[in-house]
Amino acid sequence: MTKVVCLFILCILSTATPAYCQSDEQLMHYSDSLYRRIQQVADREEKAVSLLDLSFFWSDYDATKALHYISEAKNLLGTKIRTDYYSGLMAFYTASVYFDENPNKAKGLYMQAEALLKKTGSNHKKKAIRYRARLWGSYGALLQREDKANEYVQILLDRVIPLAEQTGDVTLLGNNYQNLAMNLMNQQEYGKADHYYRKALALLRKKENASEERLTLYVNAARNALLAKRHNQSRLMLDTAASIAGLIPNSIYVPMYHTVAGSYYATTRNLKKAHAHLSQGLLKAKNLKNDELIATLLYDQFEAYHQNKQYREAKGKLLEVLPFIEKTTSLANKQMVYYHLATTTVALNQYQEAVKWYEAYKVATDSLLVNKNRAQILELEQRYRTTEKEKELLQIKSRHQEQSLALQRNRNIAILSASLCMFFVVLGVTWHRTQKNKKRLLEQKELLLQEELKNHRQESKIKMYNAMLQGEEKERSRLARDLHDGLGGMLANVKMKLSAVTDSIDKQNVDVVVAHSDLRSIIRQLDQSVNELRRVSRNLMPDSLLYRGLEDALKDLCKSMTQPNISVDFQSAKLRRNYSQPFLISVYRIVQELLTNALKHSGAHQVWVQCSEENDILYVSVEDNGKGFNSSSENINLKGMGLSNIRNRIALLNGHLEIDAIPGKGSSFHVQIPADEYPDATRP
């Protein structure tokens, strides 16, 4: 009985963290150090998970701090908290906070976390499996506290260990093999426990940075071998544990090593070494301020003295154990200590004191029996109530059996009638929906047809306009050619002949001043006519556009349209020389129309023309400092300003026109045209 109680304490301690029983100052210093390191993490998700781990650290000491770090992690995750993975993590870490305070709530949260993590996608699948192994281990530990050790063992075998194997984490798997071994040891299944201790040792023996895990594993395996009376195996395990304890002298598991070593030497009748180990372990447990370890070591010292019949020293150790036992709610431990105090005082012939301890033992025993009897009475009452309820149910069932048959017949008729009604209702609803869907489909088809007709009309208009533009450009080219080659040549010939006559008159010194003056006037008028003819011909189809490219053509256009009171500036950048002829003509006409508008309507003193290409987009801007106009007004004279033709030309090139104009502050026209596209409809 003593060994089982001590073993139960040992199992609880084996799950503690290395920071267990540190001072408040040490805890805060350690926590602040971790928090500073977490703040340096750049990735928000990684930082959030680190904060959750920090909350897990505080869950053993301060629930408020633990919940604060969970809230901070939740805020950091933002909308990602809605995913199955992170919602599962929140449930898992919150359950850890309520592990001791509210076990039922913790169990509910663990199952909530399991349901969420089980649905996690491939991105976090492996991590989710690891958390599932951990949560099932914690859930099983809560069952063990409810004296459901068999259920805990089943969870370890069916849930925790298979999940740990999937993660490939040797430490996680080894620790759970050890948890399973400790539970089997607690149930006195020493052979099975030894099997799982060996499996854990095989995984953790050569694992780096796992000294804590190996120390507790060798200590517990030594305890199991000692309880199974395999003393040589226990000694080998203790020797290995001693070498590991030398590497980590401040570990919480060092006092546990001394506890098992003391029990070993007490069993083998080497009381000197037993007391040395127990005293050393007790000193370390007191330094750690771990009451459970102190009580365990004091009780082991009692057993060593008692086996050696040193009753006075044994009684002293029991009296030292007593304050720790009386602080707990365990009646079984109190019963055991009171019993040994009574028998020890009898051995010391202290009968009056022995009576006191027997009375205390009797009270503890009666309390245990009362609790057991109460539980049995409650169980019997429950059974009685259940039986009475079953009888009442049978009587009610018997009384209402005939009524039930009649009701069943009526119910069948009602169900049949309702089914027929429902059938006709469903049939009517289905017919109505079918007709409604047909009507909707007809309306949609009609809308599509109207849209297609609209698109077809639009395409027809564009084709007609494009054909008109092509005809116009051909006619302009023909007129320009005829004017330049025909009428232009004739006027030039007349000028040459008149010039020859004038020269002849000069040589003959004929005194015909008036006639000579008239001839000069006619020649000047003829020069003006030739220039005007050239200007008209150039406007109809400029040679520079056909032979020198867009940049030179626009430059000549701006130069030709400059007037004494209006300056037209031209700037260009990154223009190619290999644009297609239809594209060149269209762009040229657009700029020509915009400049004509500016000269006619703007009243400006300065006009700026910019043309450039960037990423296969041709950008054209025509700006003036004239009187401007209200571009948002619906009363713009589109025909008078030629904007309708401009928009149509730009639309044919799949381009876009933006107008930025303010009354009194000038106007700007910005055109964007894809330079690498040209609709087939515009090709001559």
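This is a short tour of one sheet, the helices that pack on it, and a helix elsewhere in the chain. The model is predicted.

**Stop 1: the sheet.** Select β1 (567-573), β2 (606-614), β3 (617-624), β4 (656-661) and β5 (667-674). These 5 strands form an open sheet. Read across it and the order is β1-β2-β3-β5-β4, with mixed pairing. Now find the edges: β1 and β4 each pair on one side only. Neighbouring strands are turned by 10° against each other on average, direction ignored.

**Stop 2: the β4 edge.** Keep β4 and β5 in view. They run antiparallel and pair over 6 bridges. Where does A661 find its bridge partner in β5? Go to S667.

**Stop 3: the helices on the sheet.** Add residues 550-561, helix α22. It lies across β1, β2 and β3. Look along β1: α22 runs at about 170° to that strand. Next add helix α23, residues 581-602. This helix packs on the sheet and touches β1, β2, β3 and β5. Compare α23 with β3: their directions make about 15°.

**Stop 4: helix α13.** Leave the sheet and select residues 253-267. How far apart are the end C-alpha atoms of α13? They are 21 Å apart. That agrees with expectation, because 15 residues at 1.5 Å a residue should span 21 Å. Is α13 mostly covered or mostly open? Mostly covered: 14 of its 15 residues are buried.

**Last stop: R269.** Step just past the end of α13. Here R269 takes a positive phi of about 65°.

Key. Residues numbered from 1 in each chain as written. Predicted model: local features only at pLDDT ≥ 70, side-chain atom pairs only at ≥ 80, totals over all residues. Heavy atoms only, no water. Pairing = 2+ DSSP bridges. Helix = DSSP H or I, 4+ residues; strand = E, 2+ residues; numbered from the N terminus. Axes fitted to C-alpha atoms, helices over the stretch in contact; angles between N-to-C directions. Contact = heavy atoms within 4.5 Å. Expected span 1.5 Å × (residues − 1). Buried < 20%, exposed > 50% of the residue type's maximum accessible area, 1.4 Å probe, protein only.
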